[in-house]
Amino acid sequence: MPTYRIAPSILSADFARLGEEVRNVVRDGADIIHFDVMDNHYVPNLTIGPLVCEAIRPHVQVPIDVHLMVKPVDRIIPDFAKAGANIITFHPEASDHVDRSLQLIRDNGCKAGLVFNPATPLSYLDYVMDKIDIILIMSVNPGFGGQSFIPEALKKIAEVRQRIDASGREIMLEVDGGIKIDNIAAAAKAGADTFVAGSAIFGKSDYKAVIDAMRTQLAAV
Ligand code: DX5
Ligand code: ZN
């Protein structure tokens, strides 16, 4: 069985109690904290920046996975690295120099990755696989939590799985958007190993019950 990781998105957490929220979700089984950064420019919503990353950093030991939905990309990368991010991903359409942005993330000591919107072609991967530690497939259009999973993402996950296996490198394959207890197994079967879930976890009162149920689904894949 692959190593499966569950990455709750704090987008759906209670921001007035964010430290407690991340501590609770890690206590209840989260492997990673997914941190959605939106700029009201690349996506039509505005969320949180490096200050908030720095504020939650002392509360958890698990990796913080910063998903940049911002344009331009490069200026903010060192700030997130300093704020304690471990993984930084960005959308290739939002960077004028994708190879340089990937290198910049690694130079700042973080794992680097690309994020693919539902309609973004995988060809962005063609010449940069050696600079990539994680690939994130969006199963909704970015900008908001609580949207429905777009089933076409499964085919894309399977294609990325083939590319990763052919590369022979250890690259995480993450899926983000509309992941729930009842579709997490399908995403795993397609080849995903890391699962972002916002409203499915932080929208519920018992985080452990949801995470345990997700793990039960994954164990049966
Ligand atoms: C969407 C974000 C997601 C989102 C996931 O732009 O990247 O991480 O918060 O939320 P759910 O799980 O509610 O779809
Ligand atoms: Zn995200």
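# Close-up views of a predicted model

**View 1. The zinc site.** In this predicted model, the zinc ion (ligand 2) is held by His34 (NE2), Asp36 (OD), His67 (ND1) and Asp176 (OD), at 2.1 to 2.3 Å. The site of the zinc ion (ligand 2) is octahedral. It has 6 donor atoms, and the angles among them run from 69 to 170°. Along the chain, the donors of the zinc ion (ligand 2) are spaced as H-x1-D-x30-H-x108-D. Two of these donors, Asp36 and Asp176, link distant parts of the chain. Asp36 sits in strand 2 (residues 33-38). Asp176 sits in strand 7 (residues 172-176), 140 residues apart from Asp36. Both Asp36 and Asp176 are buried.

**View 2. Ser9, in contact with two zinc ligands.** Ser9 belongs to the loop between strand 1 (5-8) and helix 1 (18-27). Is Ser9 buried or exposed? Ser9 has 4% relative accessibility, so it counts as buried. Residues up to four places away in sequence aside, Ser9 touches His34 and Asp36, which both coordinate the zinc ion (ligand 2). The other contacts of Ser9 are Val196, Ala197, Gly198 and Phe202.

**View 3. The whole chain, for orientation.** The chain contains 8 helices and 8 strands. Its radius of gyration is 16 Å, close to the 17 Å that the globule rule gives for 221 residues, so the chain is as compact as a globular protein of that length. The C-alpha trace spans about 40 × 40 × 30 Å along its principal axes. Of the 221 residues, 55% are buried. Among contacts with a separation of 6 or more, 63% join residues 24 or more positions apart. The exposed area of the chain is about 9,600 Å². Carbon and sulfur atoms supply 51% of that area.

**View 4. The nonpolar cores.** The largest nonpolar core has 72 residues. Which residues have the most contacts inside it? They are Ile10, Phe35, Val66, Leu68, Phe80, Ile135 and Phe195. Helix 8 (residues 207-219) gives the most to this core, with 5 residues. A second, separate core has 6 residues, including Ile32, Ile87, Ile134 and Met172.

**View 5. Phe195 and its surroundings.** Phe195 is one of the residues with the most contacts inside the largest core. Neighbours up to four places away in sequence are not counted here. Towards the start of the chain, Phe195 touches Tyr4, Arg5, Ile6 and Ala7. Further contacts of Phe195 are Val175, Ile179, Ile184, Ala187, Ala188 and Leu218.

**View 6. Val210 on helix 8.** Val210 lies in helix 8. Its relative accessible area is 9%, so Val210 is buried. Outside its neighbours within four places in sequence, Val210 contacts Ile181, Ala200, Ile201 and Lys204. Ala200 is 10 residues from Val210 in sequence. Their C-alpha atoms are 7.4 Å apart.

**View 7. Helix 1 and its cover.** The buried residues of helix 1 are Leu18, Gly19, Glu21, Val22, Asn24 and Val25. What covers them? The cover includes strand 1, strand 2, helix 2, helix 7 (199-202) and helix 8. Gly29 follows helix 1 and has a positive phi, near 120°.

**View 8. Two backbone details in loops.** Lys71 and Pro72 are joined by a cis peptide bond, with omega about 0°. Pro72 is in the loop between strand 3 (64-69) and helix 3 (77-82). Asn40 is not a glycine, yet its phi is positive, about 60°. Asn40 lies in the loop between strand 2 and helix 2 (50-56). With a relative accessible area of 53%, Asn40 is exposed.

**View 9. Ala83, a buried loop residue.** Ala83 is found in the loop between helix 3 and strand 4 (87-90). Its relative accessible area is 4%, so Ala83 is buried. Beyond its neighbours within four places in sequence, Ala83 contacts Pro50, Cys53, Glu54 and Arg57. Arg163 is 80 residues from Ala83 along the chain. The C-alpha atoms of Ala83 and Arg163 are separated by 32 Å.

Technical notes: Residues are numbered from 1 along each chain as its sequence is written. Chains are lettered from A and ligands numbered from 1 in the order in which they are written. This is a predicted model: local features need pLDDT of at least 70, side-chain atom pairs count only at pLDDT 80 or more; totals for chains, interfaces and linings use all residues. Side-chain values use heavy atoms; hydrogens and water are left out. Donors are N, O and S atoms within 2.8 Å of the metal (3.2 Å for Na, K and Ca); water is not among the atoms, so sites may look incomplete. Four donors count as tetrahedral if all angles lie between 85 and 135 degrees; four count as square planar and six as octahedral if opposite donors are over 155 degrees apart and all others between 65 and 115; anything else is irregular. Helices (H or I, at least four residues) and strands (E, at least two) are DSSP runs, numbered from the N terminus. Buried means under 20% relative accessible area, exposed over 50%, partly exposed in between (1.4 Å probe, protein chains only). Contact means heavy atoms within 4.5 Å. The radius of gyration is taken over C-alpha atoms; the globule rule is 2.2 Å times the number of residues to the power 0.38. Accessible areas come from the Shrake-Rupley method with a 1.4 Å probe; for residues, only the protein chains shown count as cover. A nonpolar core is a set of buried Ala, Val, Leu, Ile, Met, Phe, Trp, Tyr and Cys residues joined through side-chain atoms within 4.5 Å.
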